[in-house]
Amino acid sequence: MSRRVVRQSKFRHVFGQPVKADQMYEDIRVSKVTWDSSFCAVNPKFVAIIVESGGGGAFIVLPLAKTGRVDKNYPLVTGHTAPVLDIDWCPHNDNVIASASEDTTVMVWQVPDYVPVRNITDPVVTLEGHSKRVGIISWHPTARNVLLSAGCDNLVILWNVGTGEMLLALEDMHTDLIYNVGWNRNGSLLVTTCKDKKVRVIDPRKQQIVAEKDKPHDGARPIRAIFMADGKIFTTGFSKMSERQLGLWDLKNFEEPIALQEMDTSNGVLLPFYDSDSSIVYLCGKGDSSIRYFEITDEAPYVHYLNTYSSKEPQRGMGFMPKRGLDVSKCEIARFFKLHERKCEPIVMTVPRKSDLFQDDLYPDTPGPEPALEADEWLSGKDAEPILISLRDGYVPVKNRELKVVKKNILDNKPPPGPRRSQSTCDSDFSSALEEVLEQIRVLKETVQAQEKRISDLENKLCQFTNGTD
């Protein structure tokens with residue numbers, strides 16, 4: 001009787017390969033800030049990297065084709081007054097990027113398709129609401145202009161970038177420093193990890209914790225958590241013996257892990273990158289020189305080790321290209337942008353195939369650049385899956401679309417259009433409101449007159465006093 005020993009998988013032979021030297025980005029002074037973010041963000045048009053800069057925080061934005069040595073005077077994006085800690089490209093506009101900084105602000109920038117002549121210093125909008133440094137930002141996957149920020153004040157804020165206003169603030173949910181925040185596939189739930197060793201699943205619109213797991217990993221070092229496409233949660237952390245672990249959890253039974261594996265002993269926090277189309281998780285440790293990747297399936301042991309990409313140089317950070325930015329003609333299923341001390345090195349993950357034809361099984365329809373919802377629709381309770389596109393003919397990035405920020409005017413709070421109320425009720429409401437305002441004005445006038453009288457009396461007394469001393 002023959003027994004199948006090797007598990008069948010089309011991703012079993014995925015291999016990683018760095019690009020040639022002339023396709024790297026050289027002479028970039030990558031930031032030395034001690035913060036566990038990826039320091040790099042990529043989309044089909046640009047690669048953005050947080051860099052060292054005097055007198056504030058900055059990051060550099062390079063068109064993907066601008067490989068080779070980067071001029072030391074190349075324009076930066078500079079507007080923050082303290083180091084930048086995290087950057088994230090908008091999934092619905094390839095020319096819009098958000099940055100979070102130690103200066104407690106979040107800024108949203110419009111990057112032109114051409115190379116600017118001088119530094120970009122003016123953000124489209126500045127979002128102020130945190131009292132301490134902001135270390136995490138993440139765009140909503142399906143709603144237009146919804147941005148999440150999390151700061152060291154243990155506060156998570158959701159913003160409408162289109163109006164520059166705060167939509168929601170999730171207060172009193174985290175008792176300590178927030179390590180990471182991730183959306184689920186349709187943006188209806190958040191998963192957060194915190195220094196208090198808890199993983200929380202939060203419904204942001206109801207402002208309530210849906211599920212909570214204490215100590216998914218026993219170690220004291222930071223935990224990371226991300227949503228899988230089917231709603232499960234994947235975590236990375238440390239055991240009591242400081243061994244790095246990965247875990248897979250089901251929200252229906254959050255007490256016990258579906259899978260819990262120990263990997264190795266190292267200090268670097270594992271940053272998980274997830275490709276929902278192929279159901280592969282890539283783990284990149286800060287300070288490591290390798291990328292491990294695992295396939296997540298519905299059959300035991302659920303998390304299947306595939307392979308490890310190894311190199312000599314440790315990574316300072318890592319960027320992960322969205323699926324629509326990959327080269328489908330070469331069976332490329334992932335592309336990483338590995339940050340060294342002075343350069344950025346793209347690493348291509350490929351499935352070996354003999355045919356040059358489009359591989360339907362490797363490239364199912366993937367989330368495209370069109371939002372499924374507006375910010376107001378999402379806030380009112382609507383959910384929608386991402387709008388998918390086919391990669392059969394490759395993806396061509398759309399031209400620069402301007403981000404328009406419309407600041408709401410308080411005077412614009414007109415009653416919503418709908419069945420009009422009767423004229424008499426409108427008139428009575430208006431007249432009562434007018435009387436109230438007039439009454440307040442009258443009281444203020446009396447207060448001002450009384451204060452003026454008091455000031456003149458005091459001035460007279462002061463004059464008498466000074467005359468007497470003379």
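This passage describes the strands, cores and selected residues of one predicted protein model.

The model is predicted, so local features are reported where pLDDT is at least 70 and side-chain atom pairs only at pLDDT 80 or more, while totals for chains, interfaces and linings use all residues. Residues are numbered from 1 along each chain as its sequence is written, and side-chain values use heavy atoms, with hydrogens and water left out.

The confidence of the prediction is given by pLDDT, the predictor's confidence in each residue, from 0 to 100. The protein chain has a mean pLDDT of 88, and 93% of its residues reach 70 or more. Over residues 409-426, pLDDT stays under 50. For this stretch the model has 2 contacts (heavy atoms within 4.5 Å) beyond four places in sequence. Where pLDDT is low, the predicted coordinates should not be read in detail.

Strands are described next. A strand is a DSSP run of E of at least two residues, numbered from the N terminus, and two strands pair if DSSP finds at least two bridges between them. An open sheet is formed by 4 strands in the order 20-21-22-23, with antiparallel pairing. Strand 20 (224-227) and strand 23 (259-265) lie at the edges and have a single partner strand each, so one side of each is left without a neighbour in the sheet. From one strand to the next, the twist averages 15 degrees, where axes are lines fitted to C-alpha atoms and angles run from 0 to 180 degrees between N-to-C directions. Strand 22 (residues 243-249) runs antiparallel to strand 23 and is joined to it by 5 bridges. Within this pairing, Gln-245 has Glu-262 of strand 23 as its bridge partner.

Strand 26 (residues 290-296) has neighbours on both sides in sequence, with strand 25 (residues 280-285) paired to it in the antiparallel sense over 5 bridges and strand 27 (residues 303-310) paired to it in the antiparallel sense over 7 bridges. Val-281 stands opposite Phe-294 in the pairing with strand 25, and Glu-295 stands opposite His-304 in the pairing with strand 27. The hairpin of strand 25 and strand 26 has 4 residues between the strands, and Gly-287 there takes a positive phi near 90 degrees. In the hairpin of strand 26 and strand 27 there are 6 residues between the strands, and Tyr-302 in the turn has a positive phi of about 70 degrees. Burial is judged by relative accessible area: buried means under 20%, exposed over 50%, and partly exposed in between (1.4 Å probe, protein chains only). Of the 7 residues of strand 26, 7 are buried, so the strand is largely enclosed by the rest of the structure. In a regular strand the side chains alternate between the two faces of the sheet. In strand 26, Ser-290, Arg-292, Phe-294 and Ile-296 point one way, Ile-291, Tyr-293 and Glu-295 point the other way, and all are buried.

Strand 16 (178-183) is also largely enclosed by the rest of the structure, because 6 of its 6 residues are buried. Strand 16 runs antiparallel to strand 17, to which 5 bridges join it, and Trp-183 stands opposite Leu-190. Between these two strands the hairpin has 6 residues, among them Gly-187, with a positive phi near 75 degrees. Val-191 belongs to strand 17 (residues 190-194) and is buried, with a relative accessible area of 0%. Beyond four places in sequence, the contacts of Val-191 include Val-181, Val-199, Ile-226 and Ile-233. His-174 lies in the loop between strand 15 (165-170) and strand 16 and counts as buried at 5% relative accessibility. The side chain of His-174 makes a polar contact of 2.8 Å with the side chain of Thr-192. A polar contact is a pair of N or O atoms within 3.5 Å; within protein, one must be able to donate a hydrogen and the other to accept it, and residues adjacent in sequence count only if both atoms are side-chain atoms.

A nonpolar core is a set of buried Ala, Val, Leu, Ile, Met, Phe, Trp, Tyr and Cys residues joined through side-chain atoms within 4.5 Å. The largest such core has 40 residues, and Ile-28, Val-47, Ile-49, Phe-59, Ile-60 and Phe-337 have the most contacts inside it. Strand 4 (46-51) is one of the strands that supply at least two residues of this core, and strand 4 gives the most, with 6 residues. A second, separate core of 25 residues includes Leu-271, Met-318, Tyr-363 and Leu-391.
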